[in-house]
Amino acid sequence: MKKIFDPQRISKFISILLIAFLSGTLQNYAATNPTTDGNMRAIALRKLESSLGKIGYRLDSNNDQAHTLFEVIFLNGEHEAASIKKHQLKPNKLKPEGYQIIRKNNKVYVVGGDESGLMYGILDLRDQIEVNKSILNIAEKTENARFHFRAIKFNLPWSSYRQGESLQLHMETVKDTVFWESFLDMMADNRFNALTLWNLHPFTFMIQPEKFPEATQFTGQEFADWQQFWRTLFRMAKERGIETYILNWNIITSPGMTETHNVANYGDDLEWHYGFTPADTSQIIVDYMRESITQVINEYPNLTGLGVSMGERMKMPIDDAMLWVKKTFVEGMRNADRRVKFIHRAPFSIDPEVARNYIESYTDFPDPIIMEFKFNWSHGHSTPNLSITHGGSISDQYWNPKPSNYQMAWTMRNEDFIMLNWGNTDFIREHIAKNGQEFVAGYFVGSETYIPAKEYRMKAGAAYNWKYAYEKQWEFYQMWGRLLYDPELDDSFFIKQFELRYGNEVGGKMFEALRLGSRMPLALASFYKGTWDFTLYCEGFLNGGQLYRNYKEATKAFINIDEMINHPTLDVNYLSIAQFTDRKLQNTPIKDEEITPLQLADDLEENGQKILQLCSEIELSAAKERVNFEIERNDMEAWAHLSLYFAEKLRGGVSLDEAVKTQNKELQKESIIHLERAARHWQNIIDVTSRQYQEVSLLHIKTTKFSWKFFYPQVLKDIEIAKGKL
């Protein structure tokens with residue numbers, strides 16, 4: 001019997017007709033420029049078209065649709081109910097941002113709970129095509145967002161909260177909308193839906209205050225350029241289903257206001273830009289802030305909302321501080337021509353009941369207020385157990401009883417790994433499981449001491465193909481964003497992303513090596529209690545808080561063996577070295593849930609050795625010829641040696657502390673042996689990182705460049721400290 005179709009020709013024929021149908025159905029979206037037409041479907045279709053091109057297909061509206069064998073139809077369940085009924089579909093219940101992929105009668109339907117959900121559904125198709133290299137194996141699925149607030153915290157380099165070369169060097173990059181188009185595309189791909197922009201005083205970069213012209217910072221073309229920047233940024237974000245918020249610290253004004261009225265003048269304080277000093281509550285500042293807030297909302301219709309961070313320059317009774325916010329932010333938003341959303345950082349170290357009473361009195365916002373909390377202060381990548389918030393105390397009064405008009409959002413700060421890539425899905429899932437209660441709207445993810453814009457870390461001659469800093473850290477953003485949307489997303493998805501980049505032979509091994517290596521900073525930040533930003537930098541084994549206001553001897557930031565022994569832990573389930581040796585000498589039992597320094601050292605040793613084995617295996621593969629492979633592999637090897645260094649330092653600390661407490665010279669010798677091994681691992685860290693990283697500015701140590709090699713003398717000094725104890 002004569003064959004009507006060759007199977008390979010069927011596949012090609014179906015594929016071509018499929019794409020023709022897509023274009024014919026959505027030609028009003030696909031035919032226009034997707035970066036300017038303001039339609040989320042078009043943004044997603046641009047990405048879909050790119051993936052189709054990799055397997056030899058393109059969007060083409062000129063094919064004969066009468067012979068379509070296989071169709072894909074996109075429907076917004078919110079607005080296209082009639083079409084859903086026409087196609088006799090019974091989609092599952094979809095929330096905003098949710099989507100469903102349905103296969104029926106040789107058709108594929110993508111139904112979105114709203115336009116954002118439809119965009120995510122199209123992007124899911126893109127992902128499946130990227131992985132399968134085919135359009136014939138599209139899987140059915142239903143997805144709804146776990147959290148409705150999935151935000152990036154992005155500190156701006158102008159009017160920045162902190163000052164330093166490592167922040168200000170990003171100025172031109174962050175003012176470039178080409179950068180933002182790329183960054184926003186990444187956010188949409190990874191299901192982030194809110195961009196929060198933080199600096200000291202944003203308003204005069206956005207407006208010329210009508211009622212306070214003396215506050216104006218920019219005029220003429222310079223001001224027009226700023227306006228164009230903000231309008232383009234907010235529009236591009238909205239086109240990708242991303243909300244935008246501006247947040248600032250208080251009480252700070254523009255230079256013109258300070259000079260003209262002699263208000264909010266903080267003199268020669270070297271740390272003026274983030275000092276906790278008495279507040280200037282002058283009425284003219286209140287009026288200026290209120291009017292500026294109203295004008296910003298009115299002049300930027302695509303801006304989603306504003307946020308307030310209380311603390312800086314607000315040393316005042318809590319009632320006065322909350323009243324100031326009400327008279328400025330709340331009243332300014334109420335006076336605007338439209339309603340906007342509001343983010344309110346939880347006030348630091350105060351009676352939650354007072355703050356809560358004020359916030360719950362704001363009943364005229366269109367959506368629940370987002371109450372932002374720093375999870376474990378500035379070092380969220382530590383333990384998934386809530387141990388401290390900003391100010392140190394923990395109280396459930398903000399969420400018990402359940403809030404009436406606000407929801408909480410945790411801020412997961414990263415001040416601990418800036419150079420090396422990080423990615424650990426276990427930690428993220430566990431964090432969500434433990435801290436995703438019904439009163440939690442979602443998460444902020446980002447840094448205070450690092451801006452992921454200009455690439456400034458890589459050594460001249462290093463082989464890589466990314467343009468911007470955030471692109472190197474693709475695992476961090478992908479894992480956080482995707483898992484905040486769907487914590488049940490299987491690790492196989494992330495393994496496939498490694499395979500797409502580096503080949504099927506090594507994808508799983510690279511994922512596993514990074515997973516194990518990424519446990520090291522989590523372990524150090526759980527064992528060694530950090531508080532504010534500079535007090536811990538895990539990948540460098542530094543506590544820059546020891547240098548506060550005295551940065552001339554930056555090497556003193558290194559966490560030496562005495563610090564390691566006596567410093568308190570963050571997670572109460574971890575025993576410090578001093579606690580452990582006291583328990584041992586007193587024959588006090590260790591509880592089942594407690595983690596001793598030696599248990600932690602064994603875990604780190606096991607992880608480090610496994611990573612080195614995996615690195616050896618992947619080094620022998622063909623992946624070494626792929627761009628960026630060596631940099632990723634070197635990062636994993638660096639984490640291995642950091643894990644092994646930490647393990648030996650813990651063992652050395654236990655032996656040394658017990659030796660001192662018992663005057664035992666044999667234990668002292670054991671300690672020295674462990675610290676000498678640790679030094680060899682540090683030398684390995686220097687060797688592997690020097691292949692690709694240059695000396696860089698690091699805010700934690702301010703005036704000194706960072707490189708692991710600079711701290712080798714301090715590593716050796718630990719040995720001398722141990723030798724001198726007895």
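## A tour from a helix crossing to the barrel and the core

The crossing of helices H18 and H23 is left-handed, and since this is a predicted model, it is a feature to inspect as a prediction. Select residues 507–517 for H18 and residues 629–662 for H23, and you will find that their axes come within 8 Å and cross at roughly 40 degrees. Showing side chains here brings up Met-510, Ala-513, Leu-514 and Gly-517 on the H18 side, which meet Phe-629, Glu-632, Met-636 and Trp-639 of H23. Sorted by class, this contact holds 6 nonpolar, 1 polar and 1 charged residues.

Turn next to the strands, where 8 of them close into a barrel with parallel pairing, in the order S5-S6-S7-S8-S9-S10-S11-S12. On average, and with direction ignored, neighbouring strands of this sheet are turned by 25 degrees against each other. Select residues 243–249 (S7) together with residues 305–309 (S8) to see two strands that run parallel and are joined by 5 bridges, with Trp-249 standing opposite Ser-309 in S8. Adding residues 220–239 displays helix H9, which lies across S7 and across S6 (194–199), running at about 150 degrees to S6.

Finally, select Phe-154, Trp-180, Leu-195, Trp-230, Trp-480, Phe-646 and Trp-682, the residues that touch the most other members of the largest nonpolar core, which has 202 residues. H23 returns here, contributing 13 residues, the largest share of this core. Centre the view on Trp-480 and, leaving aside residues up to four places away in sequence, its contacts are Phe-192, His-381, Met-412, Trp-422, Phe-427, Ile-428, Tyr-443 and Val-445. A second, separate core of 22 residues can be located through Ile-122, Leu-125, Ala-145 and Ala-188, which are among its members.

How values were computed. Residues are numbered from 1 along each chain as its sequence is written. This is a predicted model: local features need pLDDT of at least 70, side-chain atom pairs count only at pLDDT 80 or more; totals for chains, interfaces and linings use all residues. Side-chain values use heavy atoms; hydrogens and water are left out. Axes are lines fitted to C-alpha atoms, for helices over the stretch in contact, and angles run from 0 to 180 degrees between N-to-C directions. Helices (H or I, at least four residues) and strands (E, at least two) are DSSP runs, numbered from the N terminus. A crossing is left-handed if the near helix is turned anticlockwise from the far one by less than a right angle, and right-handed if clockwise. Contact means heavy atoms within 4.5 Å. Ala, Val, Leu, Ile, Met, Phe, Trp, Tyr, Cys and Pro count as nonpolar, Asp, Glu, Lys and Arg as charged, and the others, Gly among them, as polar. Two strands pair if DSSP finds at least two bridges between them. A nonpolar core is a set of buried Ala, Val, Leu, Ile, Met, Phe, Trp, Tyr and Cys residues joined through side-chain atoms within 4.5 Å. Buried means under 20% relative accessible area, exposed over 50%, partly exposed in between (1.4 Å probe, protein chains only).
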